[in-house]
Amino acid sequence: MRRIMSSVGLLLLCGIFLGVGPAAADGDEVTIDVTVDGTPVGDDELLLDPTGSSRISVTVHNGTDTVRHVKTIRLSGTALALTFFSYDTTVPFDVPARQSVTRGFVLDLGQLGEQATGLLPTELEVLAADREVIASIGTTGDVRGSMWSVYGVFGLAVFGLTVLAWAGALFALARRRLPANRWQRAMRFLPAGVGTGLVAVISLSVLRIMAPSPAAEIPFILGAAAAAFVLGYLTPHPNADDLLLDPPQAAPFVEPYTQPYADQAHADQPFVDPDSTHRITRPLPGGGA
């Protein structure tokens, strides 16, 4: 059984290699192979040191039936859909149909340290005279730049804005100044969550832990934004807190004053001094008392 499985595995491997190899050679497309200082550009990280120059060798494989005219070779690095460094080198040459041509040149990376640092998605492209991309190859570039480069300052700016967003939202929560509507309170926390996701992506890139890519950026940013949105939605109602902490007090009891009504009742009667009043007995006619 093991021999049968081994034979089947070998046949599958042979079929894969035989099927993929000719397709790459006879396919109607243009591909490139690149080496930097003798290191092939591919799945491994590409070291980009700004302190020196790099020897770049580009081999263009023309699998089409027409001649391809190459004018420029571009090396660029992007993150978060923004280009942080780009180098264009003019190397004009023609690649005949169904043939391959190799060209090499020296690229000065002296300004790279002021543009980026950390792990960045890096792409090397072959351009035609009309700036159309003929072929490209991507890899992860390990840029040994400065923390005060454009990319580093961009990360610090995003961090500062995120801190301000969190401070504003939490300060409004502490002062009970958030909107009464739950959805509006959630939207108040949403920018802070998006900023937190961006800071996480940039920090991992600068610390050379993980390069920013759509597969990594989207989960971090959406996850942090969703967490902040839910946090804002669940914050307590500011008016409800006021009712719980400051209950209304009952009005003080005031004893009714009835003396004005008594005075009004006797207002029409003449005033009689009780101390000056005494009973006088007079004799009745006929001798009666």
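These questions and answers walk through a predicted model of one protein.

Reader: How many helices and strands does the secondary structure of the protein come to?
Author: The protein has 289 residues, and 31% of them count as buried. Among its contacts with a separation of 6 or more, 73% join residues 24 or more positions apart. The secondary structure comes to six helices and nine strands.

Reader: How far does α2 reach from its first C-alpha to its last?
Author: Helix α2 covers residues 150-174. It has 25 residues, and 36 Å is expected at 1.5 Å a residue. The model comes close to that, with a reach of 36 Å.

Reader: Which elements cover the buried residues of α2?
Author: Start with the buried residues themselves. In α2 they are Tyr151, Gly152, Gly155, Val158, Thr162, Ala169 and Ala172. Both strands and a helix help to cover them, and the cover includes β5, β6, β8 and α3.

Reader: What is the phi of Arg176, the residue that follows α2?
Author: Arg176 comes after the helix α2. Its phi is positive, near 55°.

Reader: Is Val199 buried or exposed?
Author: Val199 sits in helix α3, residues 182-206. Its relative accessibility is 15%. The cut-off for buried is under 20%. Val199 therefore counts as buried.

Reader: Which residues is Val199 in contact with, leaving aside its neighbours within four places in sequence?
Author: Look towards α2, which covers residues 150-174. The C-alpha atoms of Val199 and Gly155 are 6.7 Å apart, although 44 residues separate them along the chain. With its sequence neighbours left aside, Val199 is in contact with Val158, Phe159 and Thr162.

Reader: How far apart are the end C-alpha atoms of helix α4?
Author: Helix α4 runs over residues 214-233, which makes 20 residues. At 1.5 Å a residue, it should span 28 Å. The model agrees, because its end C-alpha atoms are 28 Å apart.

Reader: How wide an arc do the buried residues of α4 cover around the axis?
Author: The buried residues of α4 are Ala216, Glu217, Ile221, Ala224, Ala225, Ala228 and Gly232. They lie on the same side of α4, because the arc they cover around the axis is only 130°.

Reader: Which residues are exposed on the other side of α4?
Author: One side of α4 holds buried residues, including Ile221 and Ala228. What covers those buried residues includes β5, α2 and α3. On the other side of α4, the exposed residues are Ala215, Pro219 and Leu222.

Reader: Are α3 and α4 roughly parallel or roughly antiparallel to each other?
Author: Two packed helices are described by the angle between their axes and the distance between the axes. The axes of α3 and α4 come within 6 Å and cross at roughly 150°. Angles over 145 degrees count as roughly antiparallel. The two helices α3 and α4 are therefore roughly antiparallel.

Reader: Is the crossing of α3 and α4 left-handed or right-handed?
Author: The axes of these two helices, α3 and α4, cross at roughly 150°. That crossing is right-handed.

Reader: How accessible is Arg208?
Author: Arg208 lies in the loop between α3 and α4. Its phi is near 60°, a positive value in a residue other than glycine. Arg208 counts as partly exposed, because its relative accessibility is 33%.

Reader: What is the relative accessible area of Ala81?
Author: Ala81 is found in the loop between β5 and β6. Its phi is near 65°, positive in a residue other than glycine. Ala81 is exposed, with a relative accessible area of 79%.

Reader: Which residues does Pro92 touch, not counting those up to four places away in sequence?
Author: Pro92 is in strand β6, residues 82-95. At 59% relative accessibility, it counts as exposed. The C-alpha atoms of Pro92 and Lys71 are separated by 4.0 Å, with their positions 21 residues apart along the chain. Not counting sequence neighbours up to four places away, Pro92 touches Val70 and Lys71.

Reader: Which residues does Glu125 touch, not counting those up to four places away in sequence?
Author: Glu125 is found in strand β8, residues 118-127. Glu125 is buried, with a relative accessible area of 12%. Not counting residues up to four places away in sequence, Glu125 touches Thr72, Ile73, Arg74, Val133, Ala135 and Ser136.

Definitions and conventions: Residues numbered from 1 in each chain as written. Predicted model: local features only at pLDDT ≥ 70, side-chain atom pairs only at ≥ 80, totals over all residues. Heavy atoms only, no water. Helix = DSSP H or I, 4+ residues; strand = E, 2+ residues; numbered from the N terminus. Buried < 20%, exposed > 50% of the residue type's maximum accessible area, 1.4 Å probe, protein only. Contact = heavy atoms within 4.5 Å. Expected span 1.5 Å × (residues − 1). Arc of directions from axis to C-beta. Axes fitted to C-alpha atoms, helices over the stretch in contact; angles between N-to-C directions. Parallel < 35°, antiparallel > 145°, perpendicular 65-115°, else oblique. Left-handed = near helix turned anticlockwise from the far one by under 90°.
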